[in-house]
Amino acid sequence: MSVNLEVPVFTNNSEEELGGKWGMVIDQDLCTGCQACVAACAMENNVPFVGEEDAAYGRTLHWIRIERLWDGLEGNYEDVRMTDFQPMLCQQCHNAPCEPVCPVYASVHSMSEDLNLQVYNRCVGTRYCANNCPYQVRVFNWRDYTDARLHPELVTLQNQLNPDVSVRRRGIMEKCTFCIQRIHRAEDKAKSENREIQDGEFTSACAQACPANAITFGRIDNPDSMVSQAALTSRGGHLLEELRTLPRVTYLAGGE
């Protein structure tokens, strides 16, 4: 019996790469690094602020962070300058490296939404998914930061929690979900009105808070949507696309 060992060739026009339902476009030429998206994400998704002590140990819990890109590092550092800001969040990969390594199937793929999701009550905190994520966007919850019994000073802050998002306990992994609670709310409303979701009807928290409109979110399976049109520019590209993770976030390179 002969075995075909030929490596498959992938092209930009493959059906697999063009697939997906929800996507995001981030224009680095517009991003100012103000971190409004970071604050909005924390408020929408009940992401706690860990404090200076844990942050110093690298235990921050941001679901989205702002990377700073520098130029001039190859010389004697006299001409070092920052060239771009790059918001970094879960890329919602179609071929997600974080999913197959989870021993308890807590890192799963939603077939209906084509999103990478985390089942919190399954997670046992092995952190294998974080080790296998090439984008380093998964975070580990080290403490019960929102437990008012352990932190009495948080009693007055309990009302700020979003009731549509579960409050995570210590010892589990978490990450960006593309604000799936907003997706489901919009889908339920459209279904009750017997119609399709309209483009721009809702957006993610980070895109809504961006003062420079650098983030566009929507249906990438609709070629006429704002997010699909924004991704058509020649400046568009995906992070580490040579790994064939097929991310759903497109970055528009910034100019000089």
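This note goes through a predicted model in numbered points, from its confidence scores to single residues.

1. Confidence comes first. The chain has an average pLDDT of 85, and 86% of its residues score at least 70. Among the elements of the chain, the lowest mean pLDDT, 42, belongs to helix H1 (residues 15-18), while the highest, 96, belongs to helix H6 (residues 205-209). Over residues 1-18 the pLDDT is below 50, and this stretch has 14 contacts in the model beyond near neighbours in sequence. Where pLDDT is low, the predicted coordinates should not be read in detail.

2. Strand S1 is a good place to begin reading the fold. This strand covers residues 22-27, and 6 of its 6 residues are buried. Both of its faces are covered, with Trp 22, Met 24 and Ile 26 buried on one side and Gly 23, Val 25 and Asp 27 buried on the other.

3. The partners of S1 deserve a careful look, since the sense of pairing is easy to misread. With strand S8 (residues 215-219), S1 pairs in the antiparallel sense over 5 bridges, and in S8 it is Ile 215 that stands opposite Ile 26. With S10, by contrast, S1 pairs in the parallel sense over 4 bridges, and here Val 25 stands opposite Thr 250.

4. Asp 27 is found in strand S1. Is this residue buried or exposed? Asp 27 counts as buried because its relative accessibility is 12%, which is under the 20% cut-off. Its side chain reaches the backbone nitrogen of Asp 29 at 2.9 Å. Once neighbours within four places in sequence are left aside, Asp 27 is in contact with Ala 214, Arg 235 and Leu 252.

5. Thr 245 can be read in a similar way, although its place is in a loop, the one between strand S9 (236-237) and strand S10 (249-252). Thr 245 has a relative accessible area of 2% and is therefore buried. Which side chain makes a polar contact of 2.9 Å with that of Thr 245? The partner is Tyr 135, joined to Thr 245 side chain to side chain. If residues up to four places away in sequence are not counted, Thr 245 touches Cys 93, His 94, Asn 95 and Pro 97 as well as Tyr 135.

6. Helix H2 (residues 36-44) has as its buried residues Cys 37, Val 38, Ala 40, Cys 41, Ala 42 and Glu 44. These buried residues pack against two strands and two helices, namely S2 and S8 together with helix H5 (180-192) and H6. Just after H2, the backbone at Asn 46 takes a positive phi of about 55 degrees.

7. The last point concerns empty space. Rolling a probe the size of a water molecule over the atoms shows where such space is left. The second largest pocket has a volume of about 420 Å³, and of the 22 residues that line this pocket, Gly 58, Thr 60, Gln 136, Arg 138 and Val 139 are the closest to its centre. At least two lining residues are supplied by each of strand S2 (64-71), helix H4 (128-132) and strand S6 (139-140). Which element gives the largest share of this lining? That element is S2, with 4 residues, and S2 is also among the elements against which the buried residues of H2 pack.

Terms used: Residues numbered from 1 in each chain as written. Predicted model: local features only at pLDDT ≥ 70, side-chain atom pairs only at ≥ 80, totals over all residues. Heavy atoms only, no water. Buried < 20%, exposed > 50% of the residue type's maximum accessible area, 1.4 Å probe, protein only. Polar contact = N/O pair within 3.5 Å; in protein donor to acceptor, adjacent residues only side chain to side chain. Contact = heavy atoms within 4.5 Å. Pairing = 2+ DSSP bridges. pLDDT = per-residue confidence, 0-100. 1 Å grid on protein atoms, 1.4 Å probe; cavity = no way out; pocket = protein on both sides within 12 Å on 5 of 7 lines; lining within 4 Å. Points joined across faces, edges and corners; volume = space filled by probe spheres on them.
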